[in-house]
Amino acid sequence: MATINVTKASGEQEPFNEAKLRRMLVATGADSKVIDQVIKAIEDKLYDGISTQRITEEAFRQLPKKSENIRFDKIPTEHEPPSDFDSERLDRLQRHAFDYFLHETNPNNGLVADNSQLGSPASIASVGFALGAYVVGVERDWISRREAIQRTLSTLRFFWTSEQSPAPNATGHKGFYYHFLDMKTGKRAGKCELSTIDTGILLAGMLLAATFFDLDTKQEQEIRNLADDIYRRVDWKWACNGKATITHGWTPEDGFLPYRWEGYDEAGLLYFLALGSPSQPLPKESYKAWTSSYEWKKIYGYEFIYGGPLFIHQYSHIWIDFRGIQDAFMREKGIDYFENSSRATYIQRDYAIRNPLDFKGYGENFWGITASDGPGWSTKKVNGIERSFFGYIARGAPYGPDDGTVAPWAVVASLPFAPEIVLPTIQNFQDVYPQITGKYCLRCSFNLSYPNNQKNRDGWTSSYHYGINLGPVVLMIENYRSGLIWKLMRGSRHLVNGLKKAGFRNGWL
């Protein structure tokens, strides 16, 4: 195997030391054949810059798969939740989520793994969240400004210089980027689509970095210039494929996807970026077409723009402070989008209290239904009831789909909207269900209703952490604590221009 340099917790790099890893595995009592298999499985997935922590954890994860007789006296430690919910608990929760972006990133190109499973491709949305997380890290003294600049520059330089073409193995096309990229090469992973919404999240992270790194130095000026150049390169009109609304994406094999960003969803950010482009903007009519199919509903006494999955009420709000600003639709309704998300959060809690499908755990401090990983596509009889369970799907409340799976991270991401119901729920999750607390704060999702044959463990819990879950945790906790992301993005002239073009007025605008 060619020499691979790995990154230690200190940030320093050293050659991968197989002998050191082998000694750790020998200490578990595993025989040499099992250890050989584990190391072979890991070596096939290494790349320059990978963290030593990630390698060690994957080795311990692989051991039980290779040998049923392995028992651990010591498993790599996970963070213990503090006993009471105070500022220290919130700080620790945010910091542990931030650690994902320190350890699951290729420092040579800035790409961030979609999830914590070794061999996972990069997710461009996770990269966008990482750029935001670095900003928070500097403010919280979790990372030096110098290191944050280096990480940000590596990312921006890669995306600016990577191949933009219709070739099936390029990194992007027409200014957009593929949803998933190879962690080593940065080229398209598998047959994934050129993703408009994930490109939007990536661009938001870049524009945030451009507003934060505002010093008159060569490197910070380069950050600002690259972010602006990458944003200006996007051909928004092309992504509409001849109509008013933006398509979900494109592939070189089949062309544009048949789906469009229409109705209330997470695409608000996408339209504001497209409207505000100084080079290839969309017309105002595109935003009107998006809002024209909103569904205004009254549920549990709350009137709001309906959206079942919780994340669609959060993703645009991560970057934009909607308090007090209104477009034409919201002026007519007499509220703003921030209030709309607050109501959506309460509806989720009230649905769990009602628990119409009688799922285990649901209640006042047990909710959070959104797009998430799940126990898998199957039908099982539970306490005499035939239940259907799902894998990854956009779950929603109150109209479903719902299979008893909740996502704790999605509760945290609603913290600015309704802290009075979010904080007790986070505390309940952490204190009562320790299986959801992992190395990087909260695991993706869990389901107490799913039958589980393992002793002393209820239900199903997702094995991995995901960048698109932990990014909102870092950034929305920060918005709750200081409003930092919202304040910085008010300084992005492109985003502000997009909001004004969409008809937003009042408040800080």
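How closely do the axes of helix 7 (residues 196–212) and helix 8 (residues 218–232) come, and at what angle do they cross? I began my notebook with this pair, keeping in mind that what I have open is a predicted model.

**Entry 1: helices 7 and 8**

I looked up the two axes and found that they come within 8 Å and cross at roughly 150°. Angles over 145 degrees count as roughly antiparallel, and I therefore wrote down helix 7 as roughly antiparallel to helix 8. The contact involves Leu203, Met206, Leu207, Ala209 and Ala210 on the side of helix 7, and Ile223, Arg224, Ala227, Ile230 and Tyr231 on the side of helix 8. I also noted the hand of the crossing of helix 7 and helix 8, which is left-handed.

**Entry 2: helices 5 and 6**

I then turned to another pair, helix 5 (residues 124–139) and helix 6 (residues 145–161), whose axes come within 9 Å and cross at roughly 160°. This angle makes helix 5 and helix 6 roughly antiparallel to each other, and their crossing is left-handed. When I listed the residues that meet, I found Ile124, Val127, Leu131, Tyr134 and Val138 from helix 5, set against Arg145, Ala148, Arg151, Thr152, Thr155 and Phe159 from helix 6. I wrote a reminder beside this list that an α-helix has 3.6 residues a turn, so residues three or four places apart point the same way.

**Entry 3: helix 14 and what comes after**

Next I followed helix 14, which runs over residues 337–354 and counts 18 residues. From its first C-alpha to its last, helix 14 reaches 26 Å, close to the 26 Å expected at 1.5 Å a residue. I checked how much of helix 14 is covered, and 15 of its 18 residues turn out to be buried. At the N-terminal end of helix 14 I found Asp336 acting as a cap, with a side-chain oxygen 3.1 Å from the backbone nitrogen of Phe338.

What follows helix 14? I found Asn355 there, with a positive phi near 45°, and I marked this residue because it has that positive phi although it is not a glycine. Asn355 sits in the loop between helix 14 and strand 12 (371–372), and with a relative accessible area of 14% it is buried.

Is Asp358, in its turn, buried or exposed? Asp358 is found in the loop between helix 14 and strand 12, and its phi is near 60°, again a positive value in a residue other than glycine. At 54% relative accessibility, Asp358 counts as exposed.

**Entry 4: Ser414**

I went on to Ser414, which has its place in the loop between helix 15 (408–412) and helix 16 (419–432). Its relative accessible area is 0%, so I recorded Ser414 as buried. Leaving aside residues up to four places away in sequence, I found that Ser414 touches Leu310, Gln314, Thr345 and Val422. I also looked up the separation between the C-alpha atoms of Ser414 and Ser341, which is 8.0 Å although the two residues are 73 residues apart along the chain.

**Entry 5: two cis peptide bonds**

Which loop holds Pro398? I located Pro398 in the loop between strand 15 (393–394) and strand 16 (405–406), and the peptide bond joining Ala397 and Pro398 is cis, with omega about 5°. Pro401 is likewise found in the loop between strand 15 and strand 16, and the peptide bond from Gly400 to Pro401 is cis, with omega near 0°.

**Entry 6: helix 17**

I closed with helix 17, residues 467–481, which has 15 residues and reaches 21 Å from its first C-alpha to its last, close to the 21 Å expected at 1.5 Å a residue. I counted 13 of the 15 residues of helix 17 as buried, so this helix is largely enclosed by the rest of the structure. Helix 17 is followed by Gly483, and I noted that the phi of this glycine is positive, near 70°.

Terms used: Residues are numbered from 1 along each chain as its sequence is written. This is a predicted model: local features need pLDDT of at least 70, side-chain atom pairs count only at pLDDT 80 or more; totals for chains, interfaces and linings use all residues. Side-chain values use heavy atoms; hydrogens and water are left out. Helices (H or I, at least four residues) and strands (E, at least two) are DSSP runs, numbered from the N terminus. The expected span of a helix is 1.5 Å times one less than its number of residues. Buried means under 20% relative accessible area, exposed over 50%, partly exposed in between (1.4 Å probe, protein chains only). A polar contact is a pair of N or O atoms within 3.5 Å; within protein, one must be able to donate a hydrogen and the other to accept it, and residues adjacent in sequence count only if both atoms are side-chain atoms. Axes are lines fitted to C-alpha atoms, for helices over the stretch in contact, and angles run from 0 to 180 degrees between N-to-C directions. Angles under 35 degrees count as roughly parallel, over 145 as roughly antiparallel, 65 to 115 as roughly perpendicular and the rest as oblique. A crossing is left-handed if the near helix is turned anticlockwise from the far one by less than a right angle, and right-handed if clockwise. Contact means heavy atoms within 4.5 Å.
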